[in-house]
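Open the model in your viewer and keep the selection box at hand. We will move from stop to stop, picking residues as we go.

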Amino acid sequence: MKKQYESKQQARGVSVMVAVLLMAMATFATASDKPQPEALEATNRARNERMQWWRDAKFGMFIHFGIYAIPAGEWKGKNIRGHAEWIVSELPEEEKANYFDLRHQFNPKQYDPERWVTLAKQAGMKYVVITTKHHDGFALFDSAVTDYDIGDTPYRRDMLAPLAQACRAQNLEVGWYYSIMDWHHPDAKGERFGEYVKYMSRQLEELLTNYGKIGVLWFDGEWIGEWRAEMGVQLEKHLRKIQPQVIINNRIGKRMRAPGDYATPEQKIPKAQPDWDWETCMTMNSSWGFRKGDHKWKSTKTLIRMLVDVVSKGGNFLLNVGPTAEGVIPEPSVERLTEIGDWMRRNGESIYGTTASPLRQQPTWGRCTHKQGRLYLHVFDWPDDGKLIVPLLASDVTSATVLGEEAATPLSVTRDIRDTIVAVPKQAPAPIDTVIELVIDGEIALTSPGQQAADGSVGLDAWFADTHGKTIRIGTADGIPNIGWWTDPADSVSWDMEIHTPGEFEVMLTMSCTEPAGSPFVLTVADQELTGTVSPTGDWQTYERTVLGNVHLDGGSHTLAVKATDLVGEGVMNLRSVFLKPMATRD
Ligand code: FHN
């Protein structure tokens, strides 16, 4: 509700002018404005300090709430396509005013911020981000610069203060979502955009001044042509003067690496681990705002595995709820939050405070998260042979236990030339995701391609081989790499390796071949040759280890090659690895 300005607000008006001036300056920023190295260092230090709680938190609740919950995706009995919170953009011009007038009906009598926050807390969430103003411009807070806000509704009361209070009472951080795009404000498009920026600056000042310490500012709607990245740079500087610790997403700019503290992939999880802070936001069904007809709810299993996938790649997961116009979080959301919470109570230590998987490749059975001295194996697909293969892990594992079953007998762990293998029970204790904690002695060690291990051995794994020829190639079976499709005897495979401890080595091949087998082959390294004939192992996926003979290797670089001298049957062999074992350590 518009109010007469007191002196502090008039003073604040000056800060708005400063903000606009800063933004004008941004238009003419020059190279000489580039920060100096020491300034960059200070900026990075400050950023890392403010990001720490967020990086540890991993999991938050997104809340899309506003007058769009009243139509809830329908208008005059018709289902309107798209997200429920976008409905006004789908209406004919003559209907838009009727939408904006919905505020005169908005009266979420069942709004219960303590319940909302308790649901988030019990789900294992550590922060809450709510839409203080979405694209329709309606503010859930009583803003001094507009009547188009909660003050102009039957509900009247500010909704943010009680939510912030409920968050702090349960140690959750508070986040404000704010849309730069605004379909209601007359200046939010075109040549009067500068006036809208002043309006926006004032509202953001209110959001950062009137509700105590804010953890996150979640910008959105940055894609409009009027908004430029340099405006975001200046706005970030301006807002940090009010709350320096507030974390700001990269939609304050143009979803690039800066301005803003982290990236915001939406409704998707990057395949590979991004190299800076990031957070995936995700709906539980398919609409952010409440849509009465949207029953396409993701299962709890899907949502837990999404959380784990995100965290295994070093990201945060912001999971959305869209409360009804009465202020009630839909029951399907409550069910999922409750079930996620059950899983988090048993396995939260494998999520909070972890960092991305240190493994060279993603296990095919699930995901991995990492905390100093511990690896958490998130097993989605339980091995039916009782062997859980941790690809390329070469660390010394001092113990392996199923989280939540610490009292049970620890699992036995062995090492192969390439991998660590954990012996697991026949049945998965937790089918959605059983977490096995490996306690690691020292730093994480990974089988390095072609490097001599501490015990002097060299594991040459298919994953790191160089193949030569048109058909031969590296594939995986049961998640384990092998060299296959060796149907042309002219094809071959080789590895480069480094020997720092010279000596005699026993050479072993792990290979498979179906009947008929018998292709002759030769292994060459350091001007020495070992010959062999491929034996049948029953089928292409049954591997056996064969000792081929011994070689002497001096220190330095060597290339080991395996070539066929003829072809018997459909393929020479499938080759999983070549292992060189120092003779001195032979048991
Ligand atoms: O248009 C909005 C959408 O309504 C929703 O708020 C999402 C959540 O991140 N953000 C925008 C689409 O990128």
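A polar contact is a pair of N or O atoms within 3.5 Å. Keep that cut-off in mind for the ligand. Note too that this is a predicted model.

**Stop 1: the ligand**

Select the ligand and show what lies around it. How many residues surround the ligand? There are 15, and the closest are His64, Glu85, Trp86, His135 and Asp220.

Now pick Asp220. An N or O atom of its side chain lies 2.6 Å from a nitrogen atom of the ligand. That pair falls within the 3.5 Å cut-off, so it is in range for a polar contact.

Move to Trp86. Here an oxygen atom of the ligand sits 2.7 Å from an N or O atom of the side chain. Then add Glu266. An N or O atom in the side chain of Glu266 is 2.7 Å from an oxygen atom of the ligand.

**Stop 2: the largest core**

Next, select Tyr99, Trp176, Leu204, Leu217, Phe219, Trp227 and Leu319. These belong to the largest nonpolar core, which has 94 residues, and they touch the most other members. Colour helix H7, residues 193-209. Helix H7 gives this core its largest share, eight residues. In soluble globular proteins, nonpolar side chains tend to be buried together.

Zoom in on Leu319. Which residues does Leu319 contact, leaving aside neighbours within four places in sequence? They include Phe59, Phe62, Met125, Met282, Leu303 and Ile340. Gly60, Met61, Thr283 and Met284 are also in contact with Leu319.

Another core lies apart from the largest one. It has 33 residues, among them Ile472, Ile483, Val493 and Val525.

**Stop 3: a buried arginine**

Select Arg305, in helix H9 (residues 300-312). Arg305 is buried, yet it has no salt bridge. Where is the nearest side chain of opposite charge? It belongs to Asp381, 4.4 Å away. A salt bridge needs the two charged groups within 4 Å, so this pair does not qualify.

Look at Phe380 too. The side chain of Arg305 reaches the backbone oxygen of Phe380 at 3.1 Å. Beyond residues up to four places away in sequence, Arg305 touches Phe380, Asp381, Pro431 and Ile432.

**Stop 4: an exposed glutamate**

Finally, select Glu529, in strand S24 (residues 528-533). Is Glu529 buried or exposed? It is exposed, because its relative accessible area is 59% and exposed means over 50%. Not counting residues up to four places away in sequence, Glu529 touches Val522, Leu523 and Thr524.

Now add Lys76 and draw a distance. The C-alpha atoms of Glu529 and Lys76 are separated by 83 Å. Along the chain, the two residues are 453 residues apart.

Definitions and conventions:
Residues are numbered from 1 along each chain as its sequence is written. This is a predicted model: local features need pLDDT of at least 70, side-chain atom pairs count only at pLDDT 80 or more; totals for chains, interfaces and linings use all residues. Side-chain values use heavy atoms; hydrogens and water are left out. A nonpolar core is a set of buried Ala, Val, Leu, Ile, Met, Phe, Trp, Tyr and Cys residues joined through side-chain atoms within 4.5 Å. Buried means under 20% relative accessible area, exposed over 50%, partly exposed in between (1.4 Å probe, protein chains only). Helices (H or I, at least four residues) and strands (E, at least two) are DSSP runs, numbered from the N terminus. Contact means heavy atoms within 4.5 Å. Lys and Arg count as positive and Asp and Glu as negative; His and the chain ends are not counted. A polar contact is a pair of N or O atoms within 3.5 Å; within protein, one must be able to donate a hydrogen and the other to accept it, and residues adjacent in sequence count only if both atoms are side-chain atoms. A residue is near a molecule or strand if one of its heavy atoms lies within 4 Å of it.
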